[in-house]
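Subject: Structure for you to look at

Hi,

Here is the structure I promised to send over. Please open it beside this message, and my notes follow below.

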Amino acid sequence: REAYVLAIVVDPNTTRRLFFDTQTGLLLREQTTTRTMLAPLPDQVDFEDYRDVDGIKLPFIIRTSDAAPYSTTTRRFTEIKHNVAVDDNIFNLVAAPQ
């Protein structure tokens, strides 16, 4: 797809590029490159399958990858809701056995 690319220099070692679809204006990809002493480290996030949720377009598929082939992940959402009450107890962590 054709995209507008916005390049942002975060700091002297980090550059971020945002790719926006020229037809929809939606974010398609975010690439971050961090310079290190050994080599540049790339990090990429792809956004797909945008759907309307309460009037807001959200990606239902998010893919992340970097230079290591084993660290690629894909998140697929089946449902996204806004302003849903969450029980505070789900944040209580169980202590690890001694």
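Arg63 has Thr74 as its bridge partner in E6. Please keep in mind as you look that this is a predicted model. The two strands around that pair are E5, covering residues 56-66, and E6, covering residues 73-76; they run antiparallel and are joined by 4 bridges. Together E5 and E6 make a hairpin, with 6 residues between them.

On to the neighbouring pairing. E5 also pairs with strand E4 (residues 41-53), again in the antiparallel sense, over 10 bridges. If you want a spot to find by eye, look for Glu48, which stands opposite Ile61 in E5.

Stepping back, these strands belong to an open sheet of 6 strands, ordered E1-E2-E3-E4-E5-E6 and paired antiparallel. At its edges are E1 (3-11) and E6, each of which pairs on one side only. From one strand to the next, the twist averages 20°.

Now for the side chains. Which residues form the largest nonpolar core? There are 5 of them: Leu18, Leu27, Val45, Phe47 and Ile62. As you will know, nonpolar side chains in soluble globular proteins tend to be buried together. Leu27 is a good residue to click on here: leaving aside residues up to four places away in sequence, Leu27 touches Leu18, Phe19, Phe20, Phe47 and Tyr50. Two of these contacts, Leu18 and Phe47, are also listed in the core.

Happy to talk it through whenever suits you.

Best wishes

Definitions and conventions. Residues are numbered from 1 along each chain as its sequence is written. This is a predicted model: local features need pLDDT of at least 70, side-chain atom pairs count only at pLDDT 80 or more; totals for chains, interfaces and linings use all residues. Side-chain values use heavy atoms; hydrogens and water are left out. A nonpolar core is a set of buried Ala, Val, Leu, Ile, Met, Phe, Trp, Tyr and Cys residues joined through side-chain atoms within 4.5 Å. Buried means under 20% relative accessible area, exposed over 50%, partly exposed in between (1.4 Å probe, protein chains only). Contact means heavy atoms within 4.5 Å. Two strands pair if DSSP finds at least two bridges between them. Axes are lines fitted to C-alpha atoms, for helices over the stretch in contact, and angles run from 0 to 180 degrees between N-to-C directions.
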